[in-house]
Every structure is written in structure tokens, then in C-alpha cells.
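Good morning, colleagues. Please take a moment with the sequence and the structure before I begin.

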Amino acid sequence: MPTKVLKPSSLMRFLKNYMLPIAIVGGAVAYLTESHLTVLSPLRPYMPGVVSVVQPLLIFSMLFVTFCKVDVCRMRPQLWHVWLLLIQGLVFVGLSLLLWCFPQTPARMVMESAMLCFICPTATAATVVTGKLHGDSEAVIAYTVGINLLVSVLVPLMVPLAHPQAGMTFLRAFLLILHHVFPMLICPLVLAQAVRFLWPRLLQRITACRDLAFYLWAVSLSIAIAVSVRSLVHSHCAATLLLAIALSSLVACVFQFAAGRYIGHRYGTPIASCQALGQKNTVFAIWMGYTFLTPVSSLAGGFYSIWHNIFNAWQLDRQRHAEERA
């Protein structure tokens with residue numbers, strides 16, 4: 001007698017299909033609820049500490065699961081990597097030199113915001129979205145390593161020109177970036193490859209959970225959106241400045257997704273290059289704004305987080321409809 005296959009409930013199917021919009025709205029609602037309910041006020045002093053622990057653990061776990069499915073031998077530099085690195089690097093250098101030449105410009109905050117949006121490294125979750133869209137995840141991982149190397153050198157070189165700070169030397173900025181980024185990028189990769197070669201049974205169990213990395217990312221995204229909403233709510237900027245920063249981040253987001261897709265079409269990798277250039281590590285952008293530039297400019301990371309996740313949600317929804325029609 002054939003085994004009867006149980007279909008998932010409508011609720012579970014809805015949650016799976018619309019996980020990204022739910023995560024975005026859920027993160028915003030969670031923060032607004034926590035900040036306004038008096039009954040939760042005793043927990044508020046502990047929330048930043050909890051987030052600072054939970055968020056890295058989620059990202060580490062998500063990367064580990066993703067890297068377990070990655071063949072390191074396929075992580076080779078490609079020509080489109082060079083073009084994307086040039087776009088990010090040259091725009092950042094150009095804006096830095098403009099601020100060096102015109103330090104009193106009234107557009108400084110907007111320019112610093114644009115600098116963050118362009119030099120910000122690829123999001124670690126870009127591999128998850130690329131995989132869901134059936135793109136080349138290995139190529140995105142290789143680019144993520146490359147852009148983090150570029151950021152580690154270029155930001156310490158140019159920030160002292162664009163935004164001088166007492167005591168912020170090249171070596172100190174370089175070590176700060178390495179400490180902030182590379183343990184969360186290299187350690188999951190090394191651990192995952194160790195599992196691939198030493199514990200094949202464990203690898204089979206991990207890879208059998210097909211959407212585990214996606215769900216981990218959804219939870220991480222909710223927390224990131226909550227942090228972004230918090231930074232926006234607590235900012236005391238004029239509405240015109242907030243609007244200008246929001247628009248600059250939107251323009252940067254649209255341009256980078258479009259440029260990535262255009263270059264990717266030339267090399268047969270439109271999905272991978274689009275995500276590699278457009279999807280950003282916005283938590284890192286917020287940190288860079290606070291550490292190297294003006295805290296107000298860090299709001300660009302919060303806005304960019306909203307824009308690129310809305311675009312990702314649209315892409316994944318379109319992909320789902322295309323698969324259902326096939």
C-alpha cells in the first residue's frame with residue numbers, strides 16, 4: 001500500500017512562502033512592542049547584551065550550515081569580481097577625496113552615508129539568498145572574502161582623510177575591522193570544511209535540513225530590522241536629513257543591484273553578482289558609521305537594510321511563483 005504523503009498546512013505554507021516579509025515586519029513590531037509596553041521595561045537594560053550574543057551566534061550557525069554545502073575547490077576568483085570590487089572601491093575613494101577637499105560641505109552627512117552604503121561588504125546571508133535563487137553560492141562566498149579584504153585596507157587608508165579622528169591610525173582601524181569581521185567569516189568556513197572531511201555522517205544530517213540556513217537567516221533578519229528601527233527611532237535628526245539619508249541609501253541600493261545584474265549578465269552570473277554587490281552586511285555598516293564616521297551616518301545602514309530586504313523578498317516571491325508555474 002503506498003504511503004500517504006501529508007501536505008503541509010496552509011499556515012505553514014504561508015509562513016514558508018512569505019518568511020522574509022514576516023521577518024521584516026516582525027522585527028519592527030517586536031522592537032516597537034518592547035519599547036512601549038511597560039510590563040517589559042525591566043528587560044530593556046538587558047536587551048542590547050542579549051542581541052550582541054544571539055545575533056553573532058545566529059550568523060555563525062547560518063554560515064556554518066551554508067558552508068557545509070560548499071565545495072571550497074569551486075571558490076575561485078572570477079573576472080566579474082574585479083569589476084564589482086572596482087565599483088565599490090572607486091566610489092568610496094571618490095567620495096572620501098571629495099570630503100577631504102570640501103570638509104565643510106553641507107552635504108557631508110549624506111556623502112558619508114553613501115560612502116557606507118558603497119564600501120559595506122557583502123552580507124554573509126547573500127549566499128543563502130543566492131542559493132534560493134539558484135545562483136552560484138561559491139562565487140558569492142569568494143567575493144565576500146575579497147571585499148572584506150578590500151574593506152580592511154581601503155577604509156583605514158581613506159577614513160583619516162574623509163573624517164579625521166584623534167588616535168585613529170591605519171593599524172588601529174585595520175585591526176578593528178579584522179577583529180569585527182573575519183572571525184565570523186573564516187571560522188564557520190574552516191569548521192564546515194572540517195566536518196565535510198572528518199564527519200561525513202554529521203554532514204549528511206546537516207545538509208538534509210534543506211532550508212535550515214534560510215530560517216536561521218530569517219530570525220537573524222528580524223533582529224537586524226529591530227536594531228535598525230531602534231537606531232531610527234532614537235535618532236534626533238531633522239526630518240529633512242533623515243529623508244536625504246534614506247534617499248541616498250535607496251539610490252545606492254538600486255544602483256548596486258542594477259550594476260551587479262548588468263555585469264553578471266556579461267559573464268553569465270546575473271544572480272550571484274547581483275546579490276554580491278547589492279546585498280550588504282548592514283550591521284557592519286552601522287558599526288562603521290559609529291566607529292569611523294559620524295553616528296548619524298550609521299542610519300544609512302538601517303535604511304539600506306530595509307531596502308535590500310524588500311528587494312530580496314520580491315525576488316524570492318517571484319522565484320516561488322515561477323517554480324509553481326513550471
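**Cysteines, fold and selected residues**

The structure holds 0 disulfides. I should say at once that this is a predicted model.

Let me stay with the cysteines for a moment. For Cys117, the closest cysteine sulfur belongs to Cys120, and the two sulfurs are 7.8 Å apart, which is too far for a bond; the cut-off for a disulfide is 2.5 Å. Cys117 counts as buried, because its relative accessibility is 3%, under the limit of 20%. Cys187, by contrast, is partly exposed, with a relative accessible area of 41%.

I turn now to the chain as a whole. What secondary structure does the chain have? It has 14 helices and 0 strands. Read from the N terminus, the order of elements is α-α-α-α-α-α-α-α-α-α-α-α-α-α. The radius of gyration is 20 Å, close to the 20 Å that the globule rule gives for 326 residues, so the chain is as compact as a globular protein of that length. Along the principal axes, the C-alpha atoms fill a box of roughly 80 × 55 × 40 Å.

Of the 326 residues, 46% count as buried. Among contacts with a separation of 6 or more, 82% come from residues 24 or more positions apart. The chain exposes about 16,700 Å², and carbon and sulfur atoms supply 73% of that area. As for charge, there are 22 positive and 9 negative side chains, and the centres of the two sets lie 3 Å apart.

Next, one helix. Is helix H13 largely enclosed or largely open? Helix H13, residues 282-292, has 9 of its 11 residues buried, so it is largely enclosed by the rest of the structure. The buried residues of H13 include Phe284, Ile286, Trp287, Met288 and Phe292, and Gly289 also belongs to that set. Which helices do the buried residues of H13 pack against? They pack against H5 (108-119), H7 (137-162), H8 (170-198), H10 (212-233) and H14 (299-325).

Helix H5 brings me to Arg108, which lies in that helix. Is Arg108 buried or exposed? Arg108 is buried, because its relative accessible area is 14%, and the limit for that class is 20%. Leaving aside neighbours within four places in sequence, Arg108 is in contact with Leu99, Pro103, Ala162 and His163. The C-alpha atoms of Arg108 and Ser297 are separated by 9.2 Å, although the two residues are 189 residues apart along the chain.

Further along, Ala125 sits in the loop between H5 and H6. Ala125 counts as buried at 4% relative accessibility. Its contacts, not counting neighbours within four places in sequence, are Met62, Trp217 and Gln279. Ala125 and Leu221 are 96 residues apart in sequence, and their C-alpha atoms are 9.3 Å apart in space.

In the loop between helix H6 (126-132) and H7 we find His134. What is the sign of phi at His134? The phi of His134 is near 65 degrees, a positive value in a residue other than glycine. Most residues other than glycine have a negative phi. His134 counts as exposed, at 56% relative accessibility.

A second histidine, His81, is found in helix H4, residues 79-101. His81 counts as buried because its relative accessibility is 6%. Beyond residues up to four places away in sequence, His81 touches Arg76, Ala139, Ala142 and Tyr143.

My last residue is Phe67, which is placed in helix H3, residues 47-67. Phe67 is buried, with a relative accessible area of 1%. Which residues does Phe67 touch, not counting residues up to four places away in sequence? They are Ile141, Leu185, Pro188, Leu189, Ala192, Gln193 and Arg196. For one of these partners, Pro188, the separation from Phe67 is 121 residues in sequence and 7.2 Å in space, C-alpha to C-alpha.

To close, I return to two points. The chain has 14 helices and 0 strands, and H13 is largely enclosed by the rest of the structure. Thank you for your attention.

How values were computed:
Residues are numbered from 1 along each chain as its sequence is written. This is a predicted model: local features need pLDDT of at least 70, side-chain atom pairs count only at pLDDT 80 or more; totals for chains, interfaces and linings use all residues. Side-chain values use heavy atoms; hydrogens and water are left out. Helices (H or I, at least four residues) and strands (E, at least two) are DSSP runs, numbered from the N terminus. Buried means under 20% relative accessible area, exposed over 50%, partly exposed in between (1.4 Å probe, protein chains only). Contact means heavy atoms within 4.5 Å. The radius of gyration is taken over C-alpha atoms; the globule rule is 2.2 Å times the number of residues to the power 0.38. Accessible areas come from the Shrake-Rupley method with a 1.4 Å probe; for residues, only the protein chains shown count as cover. Lys and Arg count as positive and Asp and Glu as negative; His and the chain ends are not counted. The place of a charge is taken as NZ of Lys, CZ of Arg, CG of Asp or CD of Glu.
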